[in-house]
Structure formats: structure tokens, C-alpha cells
Amino acid sequence: MSNSPASSASSATAYGDEFYQLPQICPPPTQKAVVTFQVTSTLNLAVATIPVRQPLPTEIIVRVCYSGICRSDATFSKGPLPGYPSVDHIAGHEGIGQIVKACDSGLLGRFVGLRYLGSTCRHCEYCLACIPTSCPHQKNAPKQLSGCFQEYLTVETKSVLLIPDEIISRVKQPEILCGALCSGAAALMALRAANLAINKVVVVIGVAGSIGNYTASMAKRIFGAQVIGVDVAWKVEELRRRGFNDYADILLAGPSDEGDTNASNLLKNEILRACGKLRHQHAMTRAADAVIVTASSAAAFQRVESYVCDGGWIVCSGVPYGMQLSISIHDLVERNIHVTGSLMGGPSISLEVMRYICNGQILPMTSFVSLEEIPEQLELIVEGKTFGKVIAKIQEPIDAPFMKQR
Ligand SMILES: [Zn+2]
Ligand SMILES: [Zn+2]
């Protein structure tokens, strides 16, 4: 393989393969990372200095610039859950960085994304049916693959998503693309599952949350739907204060406690009124065409069947672990209600969301923290105290000629 002008060859490996690395960045022997050294039933993350692992010929080193923080990072960091590491666990599955060491010199400097779904076999029944998240041979961050809460990620080349230069070149802050790797992709999958069309009314529960803000903004701006955004009272107030036009037509406060049936009944009546207003209906009262539950609290899933009209769709995207969804079978049959769940889909879904962001069609609600703040932020996410998508800025990218002047 010939050396590209932007790269310099390092020594050959024991396998006889030559590695190339960017001349201006030499991966250091150690790095900062957020690690759970011993996974227990409670969150136990620490900022630590750990070695940068040298790659195999099938691997690359990614200099991680940014990483979104997902609620599931907290779930994966406890347990240990089956299939997840019980020691030296590094979470993070919304990472964006640049390749700084690889056997293919053409990859150097390229921006990549790290998703929960790293690689799949691409030939099993599930892969062929476009349900790659059910592939029995999939590799996930952070199961078989290390997560991106670290400065230098050594990872299989085939498990990263190469982000096209035309996307990076059109966005002023590449960090706002992070959420498209998981939360935004989950949002787009949920919207497709909800059978949305222009002017239909959709209730987005958890509108100011990690997945909910992408769901609501794409429902409005991409699908042309009318959105009733629901969240706990303080988030609704905060969204009103910031301006909610990009996310919802009507905002409503929902129940925050599981078992608060009064609040659920109140919300049902408010949703009915809001639907009438959005549809300019006077005669027939009909609930929403779809409800997408993006929140992860048990309270968010209460009585969801009463928020949709007959023939409507209930899509579950948030996952309160250990909870059952309870819906009357009579309602399901007599009212023709569809209930479905959806995950984040394959890499093309993330690229589609990135394009909506870089074209300015949607504006994610984001806030930024440092790598050192990730453990505290995860605690806050679990407690439901964060707003929108939280993104850790880990290090500035290396300038690439195609990047927008910042
Ligand atoms: Zn497969
Ligand atoms: Zn996620």
C-alpha cells in the first residue's frame, strides 16, 4: 500500500501489515477515560488514566472528539447485564472522532461515528429483513466493542460508521451530530413505525428528553405532522421559556409519578381538547393518530391507549427496564390499536438524521459538558434532571481541509 501525503508509516506489525498515522497526531501511550472498573448494581464510574490499546490489522485508532450521553449508558454500566463486561467497562455509543491510525492510509483524518450497533453479519434472516438490531452476530458498543467515553478508541474498522465529508463540511459544530448516532436514529425509526403522514396528530411523550426532542422536531419539520409535546411540568416550563415552536404545536404537562391516575386522566382530557383544536374539529372528538413514548419512566407509559384514536399507533421507544406495558385486550381488538416498539436501526438511519441536522431542517436541543463531567451527568440523566441531549466535548478535531471554518 502506498503512503498518502497526509500520513506517515509506522513500523510493521507482527502480522506484517503496515500501519499509517497522521503526522501531526501520534496516539499517546495513555489516555483519559471514564471507566467502571467493577460493574455493580449502582453507578460506579470514575475518570482514570488508562493505556491506549495498540490496534490489530483489522482495527483502527479513533481520536474521539465528542460523545453524546444516553440513558442506556447508565443501564449498561450497572449489573453487570448479560453480555456486557463486568470489569473495566467503558460506556458511550454516540461518539464522533477522527481516524488517526490505520492500515489503510486513505482512512486517516476521516470522521467516523461509533454506534451501539457496531457491525452485523449482513446475511442472516434479520439482516436481510432490515432488522439489523436483531442480528445474532452483531457486535455492540459497549459489549464486544469498547465505548467512546475515552480519548483514543481502538476499534474494528468495520464497526465504525464513516461519516461522509459532505456532512462534516456543512456543519459548523460537528458535535451536534452525535445524537443522530443513537437517540436521533431511534426517533426516526419510531416516527416511521408510527405510520405518520402530513397533518396527522402525534403525541410525543418525553418531548424535552434525549430521544423526544429529535422525535418531535422531525415529526414537525420532516413529516409535517402536528405535535402535542408532553413532559414533566418543569421541562414543559423550561421549553416554553426557551421557545417550543421547532418541537411542538401544543405543550402539555404529564404525570411524573407512577400510579398517579388522576394526572393520566387529566392528560387524556387535555390531549382530546388539543386534538380538537389542531384538527379544527367541532363535532367528533378523536384522540391523536399516534403516541410515541420516548421517556424512560414508568409514569410515561400509563394509559397510553387512551391518548390515541381508534386505528391509532402506540410506539414505545424509551425503555423503563423491568416494566410491563399494560393495555386492555378489548381496547386493542375493538379499537384496532397498533402497539409496536422500535430501536435505532442501521447506520443509514443515522446518516439521514445527520443530513436533516446539517441542512438546518431540525435543531437538536443540546447542552455540552466535559469528559470529566460524564459520571455526574449520567446520574442526572437517571434522575430525569437533564434537558435534551447532553454531549461531552472530549477534544477539538484536527483541522481537515473539508471542514467548515469555525
Ligand atoms: Zn445478521
Ligand atoms: Zn443510546
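The residues that line the largest cavity divide into eight nonpolar, three polar and no charged, and I should say at once that this is a predicted model, in which local features are considered where pLDDT is at least 70. A search of the whole structure finds one cavity of 30 Å³ or more, and the volume of the largest cavity comes to about 50 Å³. If you want to find the lining on the structure above, look for Val62, Val64, Gly95, Ile96, Gly97, Val112, Gly113, Leu114, Cys148, Leu153 and Val160. Three strands, β5, β7 (95-102) and β8, each supply at least two residues of that lining.

From there I would like to move to the nonpolar core, and Ile96 is a convenient bridge, being one of the residues that line the cavity and also one of the four, with Val202, Met218 and Met354, that touch the most other members of the largest nonpolar core, which has 56 residues. Which elements each supply at least two residues of this core? They are the strands β5 (59-69), β13 (201-205) and β16 (288-293), together with the helices α3 (165-168), α4 (183-193), α5 (212-221), α6 (233-242) and α9 (347-358). The helix that gives the most is α9, with seven residues. As general background, nonpolar side chains in soluble globular proteins tend to be buried together.

Next, the open space. The second largest pocket holds about 460 Å³, and among its 24 lining residues, those closest to its centre are Arg53, Ile90, Ser146, Gln150 and Thr154. By character, the lining of this pocket divides into twelve nonpolar, six polar and six charged residues. Which strand gives the most to it? That is β11, with five residues, while β3 (30-38), β4 (46-51), β6 (87-89) and β11 (152-156) are the strands that each supply at least two.

Let me turn to the aromatic residues, where a search of the whole structure finds three pairs. Why is the pair of Phe76 and Tyr84 counted as stacked? Their ring centres are 4.8 Å apart and their planes stand at 20 degrees, and planes under 30 degrees apart count as stacked, so the pair falls in that class. Phe76 and Tyr84 are each buried. Phe76 also forms a stacked pair with Tyr116, at 5.6 Å centre to centre and with 25 degrees between the planes. This second pair links distant parts of the chain, since Phe76 is in helix α1 (residues 71-76) whereas Tyr116 is in the loop between β8 (111-114) and β9 (117-119), 40 residues apart. Both of these residues, Phe76 and Tyr116, are buried, and the ring pairs join Phe76, Tyr84 and Tyr116 into a cluster.

Two further rings have a lysine placed over them. The charged end of Lys101 sits over the ring of Phe19, at 5.7 Å from its centre, and Lys393 lies over the face of Phe368, at 4.9 Å from the ring centre.

I will finish with the backbone, for which the general expectation is that most residues other than glycine have a negative phi and that most peptide bonds are trans. The peptide bond from Gly79 to Pro80 is cis, with omega near 0 degrees, and Pro80 has its place in the loop between α1 and β6. A cis bond also joins Ala141 and Pro142, with omega about 10 degrees, and Pro142 is in the loop between β10 (139-140) and β11.

As for positive phi in residues other than glycine, Asp88 has a value near 50 degrees and lies in strand β6. Asn195 has a value near 60 degrees and is found in the loop between α4 and β13. Is Asn195 buried, partly exposed or exposed? With a relative accessible area of 41%, Asn195 is partly exposed.

My last residue is Gly147, which is found in the loop between β10 and β11 and is buried, with a relative accessible area of 0%. Gly147 and Ile69 are 78 residues apart in sequence, and their C-alpha atoms are 11 Å apart in space.

Methods: Residues are numbered from 1 along each chain as its sequence is written. Chains are lettered from A and ligands numbered from 1 in the order in which they are written. This is a predicted model: local features need pLDDT of at least 70, side-chain atom pairs count only at pLDDT 80 or more; totals for chains, interfaces and linings use all residues. Side-chain values use heavy atoms; hydrogens and water are left out. Rings of Phe, Tyr and Trp (its six-membered ring) pair if their centres lie within 6.5 Å; planes under 30 degrees apart count as stacked, over 60 as edge-to-face and the rest as tilted. Buried means under 20% relative accessible area, exposed over 50%, partly exposed in between (1.4 Å probe, protein chains only). Helices (H or I, at least four residues) and strands (E, at least two) are DSSP runs, numbered from the N terminus. A charge sits over a ring if NZ of Lys or CZ of Arg is within 6 Å of the ring centre and within 35 degrees of the ring normal. On a 1 Å grid over the protein atoms alone, a cavity is a set of points where a 1.4 Å probe fits but cannot get out, and a pocket is an open set with protein on both sides within 12 Å along at least five of seven lines; lining residues have an atom within 4 Å of a point. Grid points are joined across faces, edges and corners, and a volume is the space filled by probe spheres set on the points. Ala, Val, Leu, Ile, Met, Phe, Trp, Tyr, Cys and Pro count as nonpolar, Asp, Glu, Lys and Arg as charged, and the others, Gly among them, as polar. A nonpolar core is a set of buried Ala, Val, Leu, Ile, Met, Phe, Trp, Tyr and Cys residues joined through side-chain atoms within 4.5 Å.
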